[in-house]
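Grab a pencil: here are a few short exercises on one protein chain, each with a worked solution. Have a go before you read on.

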Amino acid sequence: MKMKIRFWDILVCITIVVACSAPQKETTHTVSNVQTKIKGDYKLPLDSETSLYNRLNSEGKIGDKEVYFLFNQNANTLQVYNLESKSIDEKIKFDWDGPNSLQGMIYPFGFHYANSDSLIFYSGMFKTIYLANIKGEVYKKVSLANHPIGFGSVLPESPIAYRNGFIYMQSLPSYPTKIPEGYVNPPNRISKINLENGEIEEFDLDYPEVYKNKDISQQLKMIDIVYNPKKDKFVVSFPLADELYVTDFQSKAELHKAKSDLVQSPIETDKNNIIVEPSALSNFYYWINNSYEKIIYDVENDIYIREARAGLTEQEYLNRKFKSKRELILLNSDFQEVDRIPYESAEMYYSFFRRGTFYWNKNIQEFNLEAGVEDTLFFNSIDLRHN
């Protein structure tokens with residue numbers, strides 16, 4: 001059986017780092033006495049064309065119906081899942097060529113559902129933002145090619161936050177070909193991109209102290225970012241920082257600790273390491289480090305979920321065994337901890353909220369590759385209403 005995977009699909013994962021001079025805000029942690037139980041009986045079908053490892057997905061709504069969007073790169077279609085019937089309702093076809101086409105949706109890329117008329121696609125290859133609707137019509141293209149900075153992530157997926165006609169993405173600095181002596185690395189920045197005219201405004205949100213004066217894998221510098229419309233603020237998570245950064249990018253960020261014991265002191269990159277090829281060093285040190293992964297916000301329950309993972313051993317990395325100890329930290333609207341959900345798995349590719357429950361994919365390597373199942377996605381779930 002031919003499994004629908006790519007080598008680089010297995011290699012990478014997301015996250016980043018940031019720092020700010022604002023004082024840290026103390027929070028009271030009130031962890032529930034009874035550990036939330038993980039259920040695992042939800043599943044969604046995959047057609048014969050869709051990869052098991054698919055990062056272009058998002059929950060959304062069509063009318064009053066809760067749906068889950070999954071972009072099929074092989075067919076250039078957006079599949080719409082009915083979360084009630086657990087089936088594919090429709091496949092929205094995008095043109096490959098022509099003035100209204102959707103192109104270049106290969107690594108690095110991004111996808112964000114704002115509403116039915118604002119499906120936001122980002123192609124790092126073409127340095128272009130595409131705006132489309134659920135009819136499959138690409139009605140606007142915003143070129144970023146003329147800007148002297150990069151956007152998104154060195155990882156496959158580029159996190160995108162949306163607010164009132166603007167998107168917010170990480171800026172990637174341009175480094176000189178030959179680093180001169182005494183060169184000072186530029187700070188981390190977030191770009192605010194106007195979807196109407198492509199104008200860009202940058203905000204400094206520098207790396208946290210844990211990154212200072214250390215040789216850290218570039219993959220561990222990639223942020224995750226979400227927007228909370230109730231607070232009208234953004235929440236930024238860095239892979240190595242215990243604190244979350246809450247900001248409107250106009251005033252100093254508030255820092256809220258959301259620490260997992262899985263995340264300890266970082267392991268710096270050793271450029272003389274001969275365990276892997278030089279081209280794989282960044283990826284190797286990404287995986288053997290502990291780190292924070294996704295930051296997810298559910299507007300209905302006004303709750304945040306921060307994912308943390310333990311690093312792999314060298315042998316686990318070399319054997320491509322990506323399962324490790326992980327943890328979901330549940331935070332209320334005031335960033336007080338209300339629960340921790342420990343589990344063991346590999347990377348979280350798919351996740352959504354539905355009726356007070358959070359769903360995320362089970363270990364694809366175990367439940368699909370090793371089990372020989374390529375037509376089904378299996379999900380864990382936790383009931384948030386008991387917190």
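**Exercise 1.** Work out whether Leu244 is buried or exposed.

*Solution.* Start with the cut-offs: buried means under 20% relative accessible area, exposed means over 50%, and partly exposed is in between (1.4 Å probe, protein chains only). Leu244 has a relative accessible area of 0%, so it counts as buried. One caveat before going further: this is a predicted model, where local features need pLDDT of at least 70 and side-chain atom pairs count only at pLDDT 80 or more, while totals for chains, interfaces and linings use all residues. Also, residues are numbered from 1 along each chain as its sequence is written, and side-chain values use heavy atoms, with hydrogens and water left out.

**Exercise 2.** Place Leu244 in its element and find what it touches.

*Solution.* First, the element: Leu244 sits in strand 18, residues 243-247. (Helices, H or I of at least four residues, and strands, E of at least two, are DSSP runs numbered from the N terminus.) Next, the contacts, meaning heavy atoms within 4.5 Å. Leaving out residues up to four places away in sequence, the partners of Leu244 include Val235, Val236, Leu255, Ile295, Arg306 and Phe335. Finally, check a C-alpha distance: Lys257 is 13 residues from Leu244 along the chain, and their C-alpha atoms are separated by 6.2 Å.

**Exercise 3.** Explain why helix 2 is described as largely enclosed.

*Solution.* Count the buried residues: helix 2 covers residues 281-288, and seven of its eight residues are buried, so the rest of the structure largely encloses it. Then name some: Leu281, Phe284 and Trp287 are among them.

**Exercise 4.** Find which residues touch the most other members in the largest nonpolar core.

*Solution.* A nonpolar core is a set of buried Ala, Val, Leu, Ile, Met, Phe, Trp, Tyr and Cys residues joined through side-chain atoms within 4.5 Å. The largest one has 32 residues, and Tyr168, Ile225, Phe234, Val236, Phe238 and Phe249 touch the most other members. Now see who contributes: strand 16 (224-228), strand 17 (233-237) and helix 2 each give two or more residues. Helix 2 gives the most, with six. Last, there's a second, separate core of 18 residues, which includes Leu78 and Tyr130.

**Exercise 5.** Step back and describe the whole chain.

*Solution.* Tally the elements: four helices and 26 strands. Then burial: 55% of the 387 residues count as buried. For long-range contacts, take pairs at least 6 apart in sequence; 58% of these join residues at least 24 apart.
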